[in-house]
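Here is a short tour of a protein and DNA model, written to be read with the viewer open. We will start at the DNA and work outwards from there.

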Protein chains: 2
Amino acid sequence: MLDAVLEERTRVVRRFTRFYTGRLGVLREGLLDSPFSLTEARVLYELANRERPTATELGRDLGLDPGYLSRILRRFEEGGLLERARSEADARQSHLALTEAGRAAFAPLDRASREQVGALIAGLSDPDQRRLTEAMATIEALLGEAREPRAPYTLRPHRPGDMGWIVHRHGALYAQEYGWDETFEALVAEIAATFIKDFDPKRERCWIAEKDGEIVGSVLLVRQSDEAAKLRLLYVEPKARGLRIGRRFVEECIRFAREAGYRRITLWTNDVLHAARRIYADAGFTLVKTEPHRSFGQDLVGEYWEREL
Amino acid sequence: MLDAVLEERTRVVRRFTRFYTGRLGVLREGLLDSPFSLTEARVLYELANRERPTATELGRDLGLDPGYLSRILRRFEEGGLLERARSEADARQSHLALTEAGRAAFAPLDRASREQVGALIAGLSDPDQRRLTEAMATIEALLGEAREPRAPYTLRPHRPGDMGWIVHRHGALYAQEYGWDETFEALVAEIAATFIKDFDPKRERCWIAEKDGEIVGSVLLVRQSDEAAKLRLLYVEPKARGLRIGRRFVEECIRFAREAGYRRITLWTNDVLHAARRIYADAGFTLVKTEPHRSFGQDLVGEYWEREL
DNA sequence: CCTAGATACTTGACTCGGTCAACAAAGCCA
DNA sequence: TGGCTTTGTTGACCGAGTCAAGTATCTAGG
């Protein structure tokens, strides 16, 4: 009898697999007018979204034959899409990275895919969209290797009222923990106001973290120049620390900045903010300048960090 | 801001698509030691699970090039796996059907796939399995063309206590609607008892339909001989009629009987049971014999129906 | 320090899955 | 009846993907 239950479930999974195989066939048609095969596109995607991977790494994760992958990479290199840098740790390996031309070749592919999927789900009502994405996340969590515990918080874009919360919490917490005066809150308020006033959804973004229905963190990514994005107002509530929300915020900023076409991200912080500095360093930012200053009623050392994309 | 939500959801869908592409690659490996390509296996599957489809039909649903499909079918035919019967309605078309050898070639493929998927989900806890299948059903319902409204009832295998319910309801309803006496209930009780006593999960099955947590129907498929399965005790509560539960029961029986290796299904009913007769006829059963008899305190005409698989 | 075996690719050779265009036969429609 | 569509077939072709052998490099063990 148990058997029968498992069998029925097996049937559902197989039917779904057949169903999604068909869907993938449809999605693949988007590649028809591009010069890339499906596999090449998958490789391009990984190259664009990883940090200098090696060939073996890609082959393993995508399940590709090493010989086949080798040829694909050679073609990319000959087309000027790819650069290889011999690994210093192991001379057999090369670290792979897309060139400017590589990114340019990938961009339309990526956009087409986004638009296609966007059109697909745009036809669904808002609750249906949510059900869809939740169901997909469920499947991934259940069948994925990683089995990483579901994040106990959620990220979302900003909504009316959020900026006020950001100003309020920055003001309160920095006063309490570091003794900064109200001029800091004024600075935050100005940043927030500017963000709302000049908000460009294509190139700027705010993330709000929520836990148990309550806001517990924020970060802004704003346009500094065509080339540079600036990360601002990274904040995590003390009671939500340890969930790696800060790291997640920075990852999201990097990903978004790449997609938005920036070449680098900059940020300004102060040396007393140890936790934040650690996160920036781990995410690949480097300290480019320090500058002592007197602000917020304190003697501080401002730091300028940057990261190439 | 809305944009940002849609974008985030698009990302989830794309990530899931990439994830499932990888999964499919793994599942495809099951075909490596078979003589069939993935596409051939898909075609075989459809041939085994459809009623005499035409080539165009298959090509459309599987998204295949007609020329390519034509060749695949020719190969199958040359290998003795497939028979074509020129359509009487349209001489350009042929109706396709697997031969005995075709079924034999498909069986191990099908079994391997079932086992592979079974092993995959057997590693999950019972509630996780349920979440998985529900999530998959959700996705299919949301992205599927059909958009058929979700069935307002559920099917499940039998559990302790179900047989009693079946006996009870058969006795009560047939007495009320047709005036049959208690000897009918005795017959049902005997069938139920035998089913439980000799139950062979590989070749026999009971389905219980539930609606709003309440049992509303039943059907049994039992072994009559190695070649023949017998459909018994098809029952749907009056208040659940119109949901096509009866048709669904018969479909499930046919599907299961095929998988279990039967060559035909037989059943016995009475001419006064109009609704049931209609369902059997629509499902491809034919009346092979009628026999007047006096049973259950009534003069009745018994009917023997059969369907080849 | 040296050697045997593993690892990270690379290359040659090949197959066959899949595409495209042209065509025959039959049906549909006015 | 005749033009247009549909169903399926065939020839010609390409390139995605596989397999096996080879080279350079690394690692582990004596």
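Which elements of chain A and chain B each supply at least two residues of the surface near DNA strand C? In this predicted model, chain A brings α3 (55-62) and α4 (66-78), while chain B brings α2 (38-49) and α4 (66-78). The most generous of these is α4(A), which gives six residues to the surface near DNA strand C. If you would like to zoom in, 21 residues lie around DNA strand C, and those that come nearest are A:Thr56, A:Gly67, B:Thr39, B:Gly67 and B:Tyr68.

Now turn to the other strand. DNA strand D is surrounded by 21 residues, and A:Thr39, A:Gly67, A:Tyr68, B:Thr56 and B:Gly67 are the closest of them. For the surface near DNA strand D, at least two residues each come from α2 (38-49) and α4 of chain A and from α3 (55-62) and α4 of chain B. Here α4(B) gives the most, with six residues.

The table sets out the two surfaces by residue class.

| Surface | Nonpolar | Polar | Charged |
|---|---|---|---|
| near DNA strand C | six residues | nine residues | six residues |
| near DNA strand D | six residues | nine residues | six residues |

Two of the helices at DNA strand C, α3(A) and α4(A), are worth viewing as a pair. Two packed helices are described by the angle between their axes and the distance between the axes. For α3(A) and α4(A), the angle is about 120° and the axes are 10 Å apart. Are they oblique or perpendicular to each other? Angles of 65 to 115 degrees would count as roughly perpendicular, so α3(A) and α4(A) are oblique. Their crossing is right-handed. On the α3(A) side the contact is made by A:Ala55, A:Leu58 and A:Gly59, and on the α4(A) side by A:Pro66, A:Leu69, A:Ser70 and A:Leu73. Sorted by class, the residues of this contact are five nonpolar and two polar, with no charged ones.

Between α2 and α3 of chain A there is a loop, and A:Arg52 sits in it. Phi of A:Arg52 is near 40°, which is a positive value in a residue other than glycine. Is A:Arg52 buried or exposed? A residue needs 20 or more other C-beta atoms within 10 Å to be buried, and 12 or fewer to be exposed; A:Arg52 has 14, so it is partly exposed. In chain B, B:Arg52 is placed in the loop between α2 and α3. B:Arg52 has a positive phi of about 45°, although it is not a glycine. With 14 C-beta neighbours inside 10 Å, B:Arg52 counts as partly exposed.

Next, the meeting of the two protein chains. How many residues does each chain bring to the contact? Chain A gives 47 residues and chain B gives 47 residues. On the side of chain A that touches chain B, the elements giving two or more residues are α1 (2-28), α5 (100-122) and α6 (126-143). Of these, α1(A) gives the most, with 19 residues. By class, that side of chain A has 24 nonpolar, 13 polar and ten charged residues.

Finally, step back to chain A as a whole. Chain A has ten helices and nine strands, and its C-alpha trace spans about 65 × 55 × 35 Å along the principal axes. Of its 309 residues, 25% count as buried. Among contacts in chain A between residues at least 6 apart in sequence, 55% join residues at least 24 apart.

Conventions:
Residues numbered from 1 in each chain as written. Chains lettered and ligands numbered in written order. Predicted model: local features only at pLDDT ≥ 70, side-chain atom pairs only at ≥ 80, totals over all residues. Near = placed C-beta within 6 Å. Helix = DSSP H or I, 4+ residues; strand = E, 2+ residues; numbered from the N terminus. Nonpolar A, V, L, I, M, F, W, Y, C, P; charged D, E, K, R; others polar. Axes fitted to C-alpha atoms, helices over the stretch in contact; angles between N-to-C directions. Parallel < 35°, antiparallel > 145°, perpendicular 65-115°, else oblique. Left-handed = near helix turned anticlockwise from the far one by under 90°. Contact = placed C-beta atoms within 7 Å.
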